[in-house]
Structures are given as structure tokens and as C-alpha cells.
Amino acid sequence: MAAKKKPTRHASALKAHRQSLKRYSRNRAAKKAIRLSLRAAVDAGKDPSKAGEMLAKASSCMDRAAQRGTIHWKTAARKKSRLAKRLAAIAAAPVAAK
């Protein structure tokens with residue numbers, strides 16, 4: 001994917017493009033990991049011990065992405081809060097049904 005240097009292309013522009021491609025793939029992988037961890041946590045919501053473990057993994061994943069600048073720290077906080085609320089609702093649902 002490396003572009004050849006043409007007289008009209010600056011070396012700094014080529015480097016900036018390479019950097020943007022690296023950042024794009026890194027950010028994309030981090031966001032995918034967040035989505036997968038959220039889904040896994042919700043799926044494990046029925047088992048309280050597993051749900052707590054998956055919530056911790058998802059929170060860690062979001063915190064890492066926020067620290068690296070992939071997502072905003074408030075976005076990570078909001079997602080963690082909503083996930084915890086959702087898992088609490090799933091855990092409380094069987095108690096309310098009885």
C-alpha cells in the first residue's frame with residue numbers, strides 16, 4: 001500500500017498517511033474488542049459470578065481504549081455505567097419474576 005513518491009507528493013504527507021492507516025486499524029480493533037466484550041458480558045448476565053468477571057473485562061477494555069484516545073473517557077464511563085445497570089437488571093429479573 002506504500003505510495004511511490006511523486007514530485008507533487010511531500011514525504012511528510014506520505015508518512016502522515018501511513019500513520020493514519022496504522023491508527024485507523026488500531027482504533028478499529030479496539031472498538032471491535034469493546035463491542036465483543038459488551039456482548040459477552042450481556043450474554044453472561046444470567047450467571048452472577050461470570051457477569052461480574054465479564055463486566056470487569058469490558059470495563060478494562062473500555063478504559064484502555066479511552067486511555068489511548070480511541071474513545072472519549074466520558075463515552076467509556078457512559079458505556080460502563082449502562083452495562084452495569086443492564087447486568088443488574090438481568091440479575092434482578094429472576095427475583096422479580098418469583
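**Exercise 1. Contacts of Ile34**

Find the residues that Ile34 touches, leaving aside neighbours within four places in sequence.

Solution. The model is a predicted one. Start at Ile34 and skip its neighbours within four places; the residues in contact with Ile34 are then Cys61, Met62, Ala65 and Ile71. Next, look at burial: Ile34 is listed among the buried residues of α1. In α2, the buried residues include Cys61, Met62 and Ala65, each of which is also a contact of Ile34.

**Exercise 2. The nonpolar core**

State how many residues the largest nonpolar core has, and which of them have the most contacts inside it.

Solution. The largest nonpolar core consists of 16 residues. Within this core, the residues with the most contacts are Ile34, Met62, Ile71 and Leu83. The core draws on α1 (11-43), α2 and α3, with at least two residues from each. The greatest share comes from α2, which supplies six residues.

**Exercise 3. The chain as a whole**

Describe the order of helices and strands along the protein chain, and say what percentage of its residues is buried.

Solution. First count the elements: the protein chain has three helices and zero strands. Read along the sequence, they give the pattern α-α-α. Then take burial: of the 98 residues in the chain, 23% are buried. The accessible surface amounts to about 7600 Å², and carbon and sulfur atoms hold 57% of that surface. Last, consider contacts with a separation of 6 or more: 54% of them are between residues 24 or more positions apart.

**Exercise 4. The span of α1**

Compare the distance between the end C-alpha atoms of α1 with the span its residues should give.

Solution. Helix α1 has 33 residues. At 1.5 Å a residue, α1 should span 48 Å. The expected span is 1.5 Å times one less than the number of residues. The end C-alpha atoms of α1 lie 48 Å apart, so the two values agree. The buried residues along this helix are Leu14, Ala30, Ile34, Ser37, Leu38, Ala41 and Val42.

**Exercise 5. Ser37 in α1**

Decide whether Ser37 is buried or exposed, and list its contacts beyond four places in sequence.

Solution. Ser37 belongs to helix α1. Its relative accessibility is 12%, and the limit for a buried residue is under 20%, so Ser37 is buried. Leaving aside neighbours within four places, Ser37 is in contact with Ala58 and Cys61. Both Ala58 and Cys61 appear among the buried residues of α2.

**Exercise 6. The two sides of α2**

Work out where the buried residues of α2 lie around its axis.

Solution. Helix α2 has 21 residues and reaches 30 Å from its first C-alpha to its last, close to the 30 Å expected at 1.5 Å a residue. Its buried residues are Ala51, Met54, Ala58, Ser59, Cys61, Met62, Ala65 and Ala66. These residues cover an arc of only 160° around the axis, so they are on the same side of α2. On the other side of α2, the exposed residues are Ser49, Gln67 and Arg68. Lys50 is also part of α2. With a relative accessible area of 48%, Lys50 counts as partly exposed. Gly69 follows α2 and has a positive phi, near 90°.

**Exercise 7. Thr70 in the loop**

Place Thr70 in the chain, and identify the residue with which its side chain makes a polar contact.

Solution. Thr70 sits in the loop between α2 (48-68) and α3 (73-97). The relative accessibility of Thr70 is 14%, which is why it counts as buried. The side chain of Thr70 is joined to that of Asn27 by a polar contact of 3.0 Å. Not counting residues up to four places away in sequence, Thr70 touches Asn27, Ala30, Lys31 and Ala65.

**Exercise 8. Two exposed residues**

Locate Lys4 and Trp73, and give the accessibility of Lys4 and of Trp73.

Solution. Lys4 is in the segment before α1. It has a relative accessible area of 70%, and is therefore exposed. Lys4 and Leu14 are 10 residues apart along the chain, with their C-alpha atoms 8.8 Å apart. Trp73 is in helix α3. The relative accessible area of Trp73 is 56%, so this residue is exposed. The C-alpha atoms of Trp73 and Met62 are separated by 8.5 Å, with their positions 11 residues apart along the chain.

Key
Residues are numbered from 1 along each chain as its sequence is written. This is a predicted model: local features need pLDDT of at least 70, side-chain atom pairs count only at pLDDT 80 or more; totals for chains, interfaces and linings use all residues. Side-chain values use heavy atoms; hydrogens and water are left out. Helices (H or I, at least four residues) and strands (E, at least two) are DSSP runs, numbered from the N terminus. Buried means under 20% relative accessible area, exposed over 50%, partly exposed in between (1.4 Å probe, protein chains only). Contact means heavy atoms within 4.5 Å. Accessible areas come from the Shrake-Rupley method with a 1.4 Å probe; for residues, only the protein chains shown count as cover. A polar contact is a pair of N or O atoms within 3.5 Å; within protein, one must be able to donate a hydrogen and the other to accept it, and residues adjacent in sequence count only if both atoms are side-chain atoms. A nonpolar core is a set of buried Ala, Val, Leu, Ile, Met, Phe, Trp, Tyr and Cys residues joined through side-chain atoms within 4.5 Å. The arc is that of the directions from the helix axis to the C-beta atoms.
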